[in-house]
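Work through these exercises with the structure open beside you. Try each task before you read its solution.

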Amino acid sequence: MAKFELKLPKMGESVAEATITSWLKNVGDTIEADEAILEIATDKVDSEVPSEVDGTLVEVLFQVDDVVQVGQTIAIIEIDGDGASTPAPATTETAAPVASTVEAANAQVEKGIETAAPVDYSGSDSFYSPLVKNIAKEENISLQELESINGTGSNGRVTKNDILSYVADKKAGKTTTAAAPQTKTTAPASAPVQKPAAPVSVNGGDEIIEMTRMGKLISHHMIASVQTSAHVQSFIECDVTNIWNWRKKHKDAFAKREGENLTFTPIFMEAVAKALKEFPMMNIAVDGDNIIKRKNINLGMAAALPDGNLIVPVIKNADQLNLMGMAKAVNDLARRSRDGKLKPDDTQGGTYTVTNVGTFGSVLGTPIINQPQVGILALGAIRKVPAVVETPQGDFIGIRMKMFLSHSYDHRVVNGALGGQFVQRVAQLLEGFDDKREI
């Protein structure tokens, strides 16, 4: 009998480690290839780790709550055969295949034949098990095709059955080649955070509550950001009366036609994307003494989770979306955030972040920058206020819908002029919103 080392797989360019949250299999359990063995959590999302081979779990090298580095061996699986085994094309047995094409694909995997030219799947931020990648290589499936497959596994993971079905459909002429995805960019890891030296006193009636895993990660990231960036804020008040009235006019028809709500968020995100297009030096990252000017505008959208924590899914290439597309993207990410169905790629590659502090009535906010970005915009609550209205006939006092925009930016690379001009431009775009437009 041979032993196979199951290693923590790569789950995205910026993910270097993961925390084990639960073991789904115990020592002595029989395991099939592509069957989930354990659940892990990263600072992005939770996921499952599948087996790469058929066999029996004989040793577990890490326990629940242990932090494991990508590439570390986490378990030992005993398999048929001689000699030690490292991750390689796996042997698998399948139930009766649905078609001869699937049967042929399985036969190739079982025999470990490598006839197709090597295909590099390392450029993807999505996780694919070695078994899935082996089948893809055998069938000469490109990375673009692999990323287009709708996975039925945890968090949309592509399983063995998913790719075998795709192979069968492809040979039957039922699939089309997916367009090449946009280049993904990733962030360097933050500097380690120093632990506080002074202990905190605890009195007899005090209750000690351990932070959740995500709470600890958020805490470390926030401290690291404050220690890294020179945070400066600019504030501007914005009249959004036209937007308020336009949404009120269209929201019911939109909900009836599209089956989802029309919120203010996509309108604000559209304005931010346009402003970043005009001020590209706000769409940058800092890497040591270098500035990385981002090609794509990927907007992070802070979303609340049911447990009270926040997560920041990313709208990729936000400047290329019209208002309808932006509304769909915002609703989709918000829904999947609440349901815990985000994929690792959904939270990667952000170049600028927007957070809505007005959800709970806050008028202003001083948000902390999401590293290695250099800016974050907080949207305050929309309030009905008396204001001076200028007209050709003279000034008068009227009731207007107004809000504050709070812009935090990194003063190491963004001076006050740029930071102020950017948030001013966002306000101008919102105040100039065309209330005659259709959606």
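**Exercise 1.** In which loop does Asp 65 lie?

*Solution.* Asp 65 lies in the loop between E6 and strand E7 (67-69). Strands (E, at least two residues) and helices (H or I, at least four) are DSSP runs, numbered from the N terminus. This is a predicted model, where local features need pLDDT of at least 70, side-chain atom pairs count only at pLDDT 80 or more, and totals for chains, interfaces and linings use all residues. Residues are numbered from 1 along each chain as its sequence is written, and side-chain values use heavy atoms, with hydrogens and water left out.

Now look at the backbone. Asp 65 is not a glycine, yet its phi is positive, about 80°. Next, check the surface. Asp 65 is exposed, with a relative accessible area of 59%. The cut-offs are these: buried is under 20% relative accessible area, exposed is over 50%, and partly exposed is in between (1.4 Å probe, protein chains only).

**Exercise 2.** Place Asn 140 and describe its phi.

*Solution.* Start with the place. Asn 140 is in the loop between helix H2 (130-138) and helix H3 (143-148). Then take the angle. Its phi is positive, about 55°, although Asn 140 is not a glycine. Finish with the surface. Asn 140 is partly exposed, at a relative accessible area of 49%.

**Exercise 3.** Describe strand E16 and the strands that pair with it.

*Solution.* First, find the strand. E16 covers residues 352-356, and 4 of its 5 residues are buried. Second, apply the pairing rule. Two strands pair if DSSP finds at least two bridges between them. Strand E12 (residues 299-301) is joined to E16 by 3 bridges, and the two run parallel. Leu 299 stands opposite Tyr 352 in E16. Third, turn to strand E17 (residues 375-379). Here 4 bridges join E16 to E17, again in parallel. Thr 353 faces Ile 376 in E17.

Last, look at the loop between E16 and E17, where Pro 372 is found. The peptide bond from Gln 371 to Pro 372 is cis, with omega near 5°.

**Exercise 4.** Which strands stand at the edges of the open sheet of 4 strands?

*Solution.* Write down the order. It is E1-E8-E6-E3, with antiparallel pairing. Strand E1 (2-7) and strand E3 (30-31) stand at the edges; each has a single partner strand, so one side of each is left without a neighbour in the sheet. Now check one pair. E3 and strand E6 (residues 55-60) are joined by 2 bridges and run antiparallel. Ile 31 has Gly 55 in E6 as its bridge partner.

**Exercise 5.** Classify the aromatic pairs Phe 264 with Phe 268 and Phe 279 with Phe 422.

*Solution.* Set out the rule. Rings of Phe, Tyr and Trp (its six-membered ring) pair if their centres lie within 6.5 Å; planes under 30 degrees apart count as stacked, over 60 as edge-to-face and the rest as tilted. By this rule there are 5 aromatic pairs. The rings of Phe 264 and Phe 268 have centres 6.2 Å apart and planes at 15°, so this pair is stacked. Both residues are buried. The pair of Phe 279 and Phe 422 is edge-to-face, with 6.4 Å centre to centre and 90° between the planes. Phe 279 lies in the loop between helix H7 (265-278) and strand E10 (284-287), and Phe 422 in helix H9 (residues 416-431), so the pair ties together parts that are 143 residues apart in sequence.
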